[in-house]
Each structure stands twice: as C-alpha cells, then as structure tokens.
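Welcome! Please take a moment with the sequence and the 3D view below, and then we can walk through some of the details together.

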Amino acid sequence: SNKGMEVSTDVAGRVSSAVSALSAARSLAASGKVRASLSLLNEAQALAASAEEDPAMVGLLYFPDEHKLAVLLPLWAPLALPMLVGLVREIKRLREKKEKRAKKKKSD
C-alpha cells in the first residue's frame, strides 16, 4: 500500500455507506418504491460528497510534480522536439531572407 494513498476509516466508512445506500436504492426502485429509492439516492450522494470533500482526501486529488513530469514528458517530447527543430529552421530561413533583402537594397 502506498503511504500517500491511505484513506481514513471514517472516509472509508462513508464510502461504504454510500455504496450500500445505492444498492438499497436500486432494489427499492426495482420493486417500484420510487420515493424511498430517491431518499436513499440523496443520502448516498451526500455521503459520497462528504467523503470526497474530506480534508484528508483533498491532498489525494493532486499529483506531485515528479509524477506529472514522468507521465507527460514521454507524451509531449515527441511533439515538442520536431516543433523546436522547425522553429529553429524557420528563424534561420527568415534571417537569411532578411540578409538577402539587405544585400539587394545595397546593390540597388
């Protein structure tokens, strides 16, 4: 188990209660008890929201910079490298074009 991914027993209990409420709501809806089912759905939603917004869970929503770099670099490097090479070539081409115009103006 990763230390950074631990969930408190309180949060785990709320999530478990939310799942139980969802299961019960589904059973009630299947038997035609819509009002009772909606009540349990509201309860499940409130439990899930309180678990998600728990201060202990907020830190798990953000990834460390090293993780972002390790995941995104292999995706972006193959795109960025050709773009940088193209940019350098375009700058060289524009400089050469500017030099040719300057030489042409001097010769006129």
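Is R93 buried, partly exposed or exposed? R93 counts as partly exposed, because its relative accessibility is 39%, and the cut-offs for that class are 20% and 50%. Please keep in mind as you read that this is a predicted model.

## A pair in helix α4

R93 has a partner to look for: R93 and E90 form a salt bridge, and their closest N and O atoms are 2.5 Å apart. Both residues belong to helix α4, which covers residues 65-107. E90 and R93 are 3 residues apart there, about one turn of the helix.

How accessible is the partner, E90? E90 has a relative accessibility of 34%, so E90 counts as partly exposed. Elsewhere, salt bridges with shared partners bring D10, R14 and D54 together in one network.

## R14 and its surroundings

To explore that network, turn to helix α1, which spans residues 9-30 and holds R14. R14 is buried, because its relative accessibility of 15% is under the 20% cut-off.

Which residues does R14 touch, once its neighbours within four places in sequence are left aside? They are L47, S50, A51 and D54. With S50 there is also a link to the backbone: the side chain of R14 comes to 2.8 Å from the backbone oxygen of S50.

## Two salt bridges of R14

One salt bridge of R14 is with D10, where the side chains meet at 2.6 Å, N to O. D10 and R14 are about one helical turn from each other, because they are 4 residues apart in helix α1. D10 has a relative accessible area of 47%, so D10 is partly exposed, whereas R14 is buried at 15%.

The side chain of R14 also meets that of D54 in a salt bridge, again listed at 2.6 Å, N to O. This pair connects distant parts of the chain, with their positions 40 residues apart in the numbering: R14 sits in helix α1, and D54 sits in the loop between α2 (34-52) and α3 (55-58). Both R14 and D54 are buried. Counted by the rule used here, the salt bridges come to 3.

## How α1 and α2 pack

How are two packed helices described? The description uses the angle between their axes and the distance between those axes. For α1 and α2, the angle is about 160° and the axes are 8 Å apart. That angle makes α1 roughly antiparallel to α2, since the cut-off for this class is over 145 degrees. The crossing of the two helices is left-handed.

Which residues make this contact? On the α1 side they include V11, R14, V15, A18, A21, L22, A25 and L28. On the α2 side they include L40, L41, A44, L47, A48, S50 and A51. Some of these names are familiar by now: L47, S50 and A51 are among the residues in contact with R14.

## A look at S27

S27 is another residue of helix α1. S27 counts as partly exposed, because its relative accessible area is 49%, which is not over the 50% cut-off for exposed.

How far apart are S27 and L41? In sequence they are separated by 14 residues, and in space by 11 Å, C-alpha to C-alpha. L41 is one of the α2 residues in the contact with α1.

Note on methods
Residues numbered from 1 in each chain as written. Predicted model: local features only at pLDDT ≥ 70, side-chain atom pairs only at ≥ 80, totals over all residues. Heavy atoms only, no water. Buried < 20%, exposed > 50% of the residue type's maximum accessible area, 1.4 Å probe, protein only. Polar contact = N/O pair within 3.5 Å; in protein donor to acceptor, adjacent residues only side chain to side chain. Contact = heavy atoms within 4.5 Å. Salt bridge = Lys/Arg side-chain N within 4 Å of Asp/Glu carboxyl O. Axes fitted to C-alpha atoms, helices over the stretch in contact; angles between N-to-C directions. Parallel < 35°, antiparallel > 145°, perpendicular 65-115°, else oblique. Left-handed = near helix turned anticlockwise from the far one by under 90°.
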